[in-house]
Number of protein chains: 4
Amino acid sequence: MPKIIDSEQYRKELLSKCFDLFAEKGYANVTTRQLSKELGVSTGALYHYFSSKKVMFEQLVEEISQQDVRMLSDAAKKAKTLTERIAALEACLIENQDYFVKQAVIWTDFYQHTELEEVLNNPVFKQVDERYEQIMMTLLGLSDAKLARFIWTLINGVLLEQVSTDGILSFTEQIELLMKMLTAYFEKHSTQ
Amino acid sequence: MPKIIDSEQYRKELLSKCFDLFAEKGYANVTTRQLSKELGVSTGALYHYFSSKKVMFEQLVEEISQQDVRMLSDAAKKAKTLTERIAALEACLIENQDYFVKQAVIWTDFYQHTELEEVLNNPVFKQVDERYEQIMMTLLGLSDAKLARFIWTLINGVLLEQVSTDGILSFTEQIELLMKMLTAYFEKHSTQ
Amino acid sequence: MPKIIDSEQYRKELLSKCFDLFAEKGYANVTTRQLSKELGVSTGALYHYFSSKKVMFEQLVEEISQQDVRMLSDAAKKAKTLTERIAALEACLIENQDYFVKQAVIWTDFYQHTELEEVLNNPVFKQVDERYEQIMMTLLGLSDAKLARFIWTLINGVLLEQVSTDGILSFTEQIELLMKMLTAYFEKHSTQ
Amino acid sequence: MPKIIDSEQYRKELLSKCFDLFAEKGYANVTTRQLSKELGVSTGALYHYFSSKKVMFEQLVEEISQQDVRMLSDAAKKAKTLTERIAALEACLIENQDYFVKQAVIWTDFYQHTELEEVLNNPVFKQVDERYEQIMMTLLGLSDAKLARFIWTLINGVLLEQVSTDGILSFTEQIELLMKMLTAYFEKHSTQ
DNA sequence: AATGAATGAGCGTTCATTCAT
DNA sequence: TATGAATGAACGCTCATTCAT
């Protein structure tokens, strides 16, 4: 029980430690006792850093979205042509497969456990949603926001499939297939 | 004998009545009291027909898969060419949009609340998974099981997106887009 | 664990059983576990009959006020002259000393743990307050509501004193003294 | 030596600052965090000056009793006849109405949260009780200790009534009425 | 077959108190 | 002295499940 000096720093550490637990069991199936045990602190300490389990989860979701943006932004930097961009996205997803699967699970869980009105009115989540749209537009050099969002939707579909099959189906294969579909679609619809 | 039939019939009625509740609130957020109230029976009666809440949910999932197969089979009957088949799938999904969204939510919820090992070892769910694979193969006239499964995965991605945006994004548009992508992919890869 | 048939009846029994506990320890110092143990039921059963600890306490307060009115009404019946009325009040208080002391403690506790606005706006408690006023007016044949209320106030002072001294000071003596004061006051101010 | 004096002085300052908080919310409803925030110190500092919340409360009660004695003693100084004494008591109570109401609340709270045996065996509180008795005897020139104590009891009844009605009933009126009763009683029983 | 009262482990949360700094 | 992060027992309450009727 060393005394924590950088409180903000420690809060983020706690968040990153609870990522796996929430991803594996889901919000409703993780108890605060499990959380505190896993994080190596008392339940009281948890409430010192987060005003409730719900708030903790929300802050985790926020944290994740920032990390996603960071990862995908980095992936986009070197790619120039559409083919290169698609390859870069594919590589980033495959490289960070475990992370992205967990992330997708947590988002799904979040939407499932939050009142819709609350989600839609929450400025943080509006912004997060827009960030995903934006990053997909930038990454693939698209001008159509809906298309960008749609591609992210399909990726999420593949990520969530991993959960239900525990990776029996090859993630790499599926992402490659998805990217081939995208390529076919772009080829067909950009030349017309 | 007639009593058993009635009882079985009644069990199925109860299941279909709890579909909406589970889809809207999620497994963990529905209490047995809510269920019994909604179904118009006592909690005791619920336990007469289902040995636990979990079993009830599992039987619902099974029931859903059978209904899915029925709906998609019907859709496939008249279609002959690949284009017609894709159109039929699109029409079926759009026509039963609400149902399929709820169904996808329930499946996701199910996987999130069940230990993986349990899912993978459960013969019922193995079979259900295979049924989805089979129906997509039949419907689209595919010989590649993985591809069939993959398409179902993408459809699920679009269905779940509806939940998080509450239909702000047009489901019809997205399904159409997905079908266009499939068409482009098939065109490109069947001629090679 | 016999199954309770007359639910309403049983609820009242539970209330009367928790009277002593609340009076001896005070609302905040009685836990629901203590209550359930003392009442011989599970904590769950408590919540079957009362929606919260607070509601339980409020219903107890209501129940008490009704009982008070009953006791004091009975006391008033036979008395005719002012002297007789005062004697009847004195007798009733002394006879039911333990009950009235506990009742006073619970009221005090209630006011101490409830937001004032809530008390003042609560129709039940308004009514209860008026009942005490009314019963004192009837009992002593007064037309002055404020005087009636004031006398009840003084009686409560004596009742609460018993708590802090645990009856070292004779309750009987003090009530007699209070009644003498009342008599002296009435004699002086009715002849003028 | 000067440090000790400062420390002692500071302790008393802290006590006087927490008077309002305890009076308004009650012992059980004030947390040590609230206390430390209100007093402008850390929770650690609180425990430097007081070994526990309970001890803090007890010392406050003691402090109050000393202040009461001081106020009532001052009131008694100039009064000579019984009529003057009663008027002086009345004036003192009315003038310091807010203080005396809070004080009565805290005493009541104290008795409600302390085991009786503990109160009765605690030399400090024995002494405090006697001080009240003494001051009432001195103030009213009484030789009967029980009568003195009884009058203080009635005054407390009126003070506590203020809490439950939030001053809707005039405190001044009620104290005047009480003093009239006392006068009537003294007149009747001193001439016999 | 059906009821709903009863159970009690376990939940999220609080808070008096401690102690490393 | 003084701080406030950390503790963990205990709180009010929930709810899947059982069982007397």
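## Chains C and D

Put chain C and chain D together and they bury about 3,700 Å² between them, with 69% of it on carbon and sulfur atoms. Bear in mind that this is a predicted model. Who does much of the covering on chain C? Gln112(C), Phe150(C) and Met181(C) supply 18% of the area that chain C buries against chain D, more than any other three residues. In terms of contacts, 40 residues of chain C meet 42 residues of chain D.

Charges get involved too: there are 6 salt bridges between chain C and chain D. One of the pairs joined in a salt bridge is Lys188(C) with Glu187(D), whose side chains come to 3.2 Å, N to O. The two chains also have 9 residue pairs in polar contact, counting pairs with both residues at pLDDT 80 or more.

Which parts of chain C give two or more residues to the side that touches chain D? They are helix H6 (97-113), helix H7 (116-121), helix H9 (145-165) and helix H10 (171-190) of chain C. Sort that side of chain C by class and you get 19 nonpolar, 11 polar and 10 charged residues.

## Chains B and A

Now for the other pair. Here 41 residues of chain B are in contact with 40 residues of chain A. Chain B and chain A bury about 3,700 Å² between them, and carbon and sulfur atoms carry 69% of it. On chain B, Gln112(B), Phe150(B) and Met181(B) provide 19% of the area buried against chain A, more than any other three residues.

How many salt bridges run between chain B and chain A? The count is 6. Among them is the one where the side chains of Glu161(A) and Arg149(B) meet at 3.3 Å, N to O. Polar contacts link 9 residue pairs, again with both at pLDDT 80 or more. On chain B, the elements giving two or more residues to the side that touches chain A are helix H6 (97-113), helix H7 (116-121), helix H9 (145-165) and helix H10 (171-190). That side of chain B is made up of 20 nonpolar, 11 polar and 10 charged residues.

## How B and A are related

Give chain B a turn of 179° and a shift of 0.0 Å along the axis, and it can be laid on chain A with an RMSD of 0.3 Å. That's the relation of a two-fold axis. Of the residues of chain B, Gly157(B) comes closest to the rotation axis, with its C-alpha at 1.8 Å.

Why can we say the copies meet through the same surface? Because 98% of the interface residues of chain B are also interface residues in chain A.

Methods:
Residues are numbered from 1 along each chain as its sequence is written. Chains are lettered from A and ligands numbered from 1 in the order in which they are written. This is a predicted model: local features need pLDDT of at least 70, side-chain atom pairs count only at pLDDT 80 or more; totals for chains, interfaces and linings use all residues. Side-chain values use heavy atoms; hydrogens and water are left out. Contact means heavy atoms within 4.5 Å. Buried area is the accessible area (1.4 Å probe) that two parts lose on being put together, summed over both. A salt bridge is a side-chain nitrogen of Lys or Arg within 4 Å of a carboxyl oxygen of Asp or Glu. A polar contact is a pair of N or O atoms within 3.5 Å; within protein, one must be able to donate a hydrogen and the other to accept it, and residues adjacent in sequence count only if both atoms are side-chain atoms. Helices (H or I, at least four residues) and strands (E, at least two) are DSSP runs, numbered from the N terminus. Ala, Val, Leu, Ile, Met, Phe, Trp, Tyr, Cys and Pro count as nonpolar, Asp, Glu, Lys and Arg as charged, and the others, Gly among them, as polar. Copies are superposed by least squares on the C-alpha atoms of residues with pLDDT of at least 70 in both.
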